[in-house]
Amino acid sequence: MSEQVFHFSCDWPGGRNAVAEIHCGALQTRASIPASMEGPGVGTNPDEMLLSAAASCYLMTLAAMIERAELKVAELALDSELVLDMQRGGYRCQRITHRPRLRLDPRTSAADRRKLEHLLSMAERRCMISRALRGNVEIMVEPYMDRA
């Protein structure tokens, strides 16, 4: 596969409490320090973007793996959470928890359910963002499966 290159640009008009204009491919948004961290809270912020990258990468990886395994899922959704903690005067990304929800076809066999359980874990190990964060951020997967 050939090398993929992505470009980011940002106009930052001032100090800590400025509001940035971010341009990265189809992503065109404003960003600032969140209000919970005593910033203006306008637009998104790096923490939300990191979580969005990790979560969407995990979900896309999982969906591709389910498709390649020719397994059927009636519904696939994801909730994810990023936890920061304060260390030595600065914030540190401590943990990301992915909570995938799969609604299975009522005819899903026990064997296919076991395969899906394996893929839920394997997708985190294969996700590009998870691999980039590994060793620095704990990443957990807490899946939920039920029948349609």
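Helices and strands here are DSSP runs, at least four residues (H or I) for a helix and at least two (E) for a strand, numbered from the N terminus. With that settled, E38 falls in the loop between strand 3 and helix 1. Keep in mind that this is a predicted model. Below is a quick tour of a three-stranded sheet, helix 2 and its surroundings, the nonpolar cores and a few residues worth a look.

**The open sheet**
- Strands pair through backbone hydrogen bonds, in either a parallel or an antiparallel way.
- Here three strands make an open sheet in the order 1-2-3, with antiparallel pairing.
- Strand 1 (9-11) and strand 3 (27-31) are the edges, each pairing on one side only.
- From one strand to the next, the twist averages 15 degrees.
- Strand 1 is joined to strand 2 (residues 20-24) by three bridges, and the two run antiparallel.
- If you want a specific pair to click on, S9 has H23 in strand 2 as its bridge partner.

**Helix 2 and what packs on it**
- Helix 2 (residues 110-126) passes a simple length check: its 17 residues should span 24 Å at 1.5 Å a residue, and the end C-alpha atoms are indeed 24 Å apart.
- Its buried residues are L116, L119, L120, M122, A123 and E124.
- The cover over those buried residues includes helix 1 (46-68), strand 5 (90-104), helix 3 (128-133), strand 6 (138-141) and strand 7 (144-147).
- E124 also turns up in the contacts of S130, which touches E124 and I139 once residues up to four places away in sequence are set aside.
- S130 itself sits in helix 3, and it counts as buried because its relative accessible area is 0%, under the 20% cut-off.

**Nonpolar cores**
- In soluble globular proteins, nonpolar side chains tend to be buried together.
- The largest nonpolar core in this model has 15 residues, and L62, I66, L102 and L116 have the most contacts inside it.
- Helix 1, strand 5 and helix 2 are the elements that each give two or more residues to this core.
- Leaving out residues up to four places away in sequence, L62 touches L76, P100, L119, L120 and A123.
- Apart from this core lies another one, of eleven residues, including L51, I96, C127 and I129.

**Positive phi outside glycine**
- Most residues other than glycine have a negative phi.
- E38 goes the other way, with a positive phi of about 65 degrees even though it is not a glycine.
- E38 counts as exposed, since its relative accessibility of 67% is over the 50% cut-off.
- E70 is another non-glycine residue with a positive phi, near 55 degrees.
- You'll find E70 in the loop between helix 1 and strand 4 (75-87).
- With a relative accessible area of 68%, E70 is exposed too, by that 50% cut-off.

**S56 in helix 1**
- S56 lies in helix 1 and counts as partly exposed, because its 32% relative accessibility falls between the 20% and 50% cut-offs.
- The S56 side chain reaches the backbone oxygen of A53 at 3.4 Å.
- S56 and S80 are 24 residues apart along the chain, and their C-alpha atoms are separated by 9.5 Å.

Note on methods: Residues numbered from 1 in each chain as written. Predicted model: local features only at pLDDT ≥ 70, side-chain atom pairs only at ≥ 80, totals over all residues. Heavy atoms only, no water. Pairing = 2+ DSSP bridges. Axes fitted to C-alpha atoms, helices over the stretch in contact; angles between N-to-C directions. Expected span 1.5 Å × (residues − 1). Buried < 20%, exposed > 50% of the residue type's maximum accessible area, 1.4 Å probe, protein only. Contact = heavy atoms within 4.5 Å. Polar contact = N/O pair within 3.5 Å; in protein donor to acceptor, adjacent residues only side chain to side chain. Core = buried A, V, L, I, M, F, W, Y, C linked by side-chain atoms within 4.5 Å.
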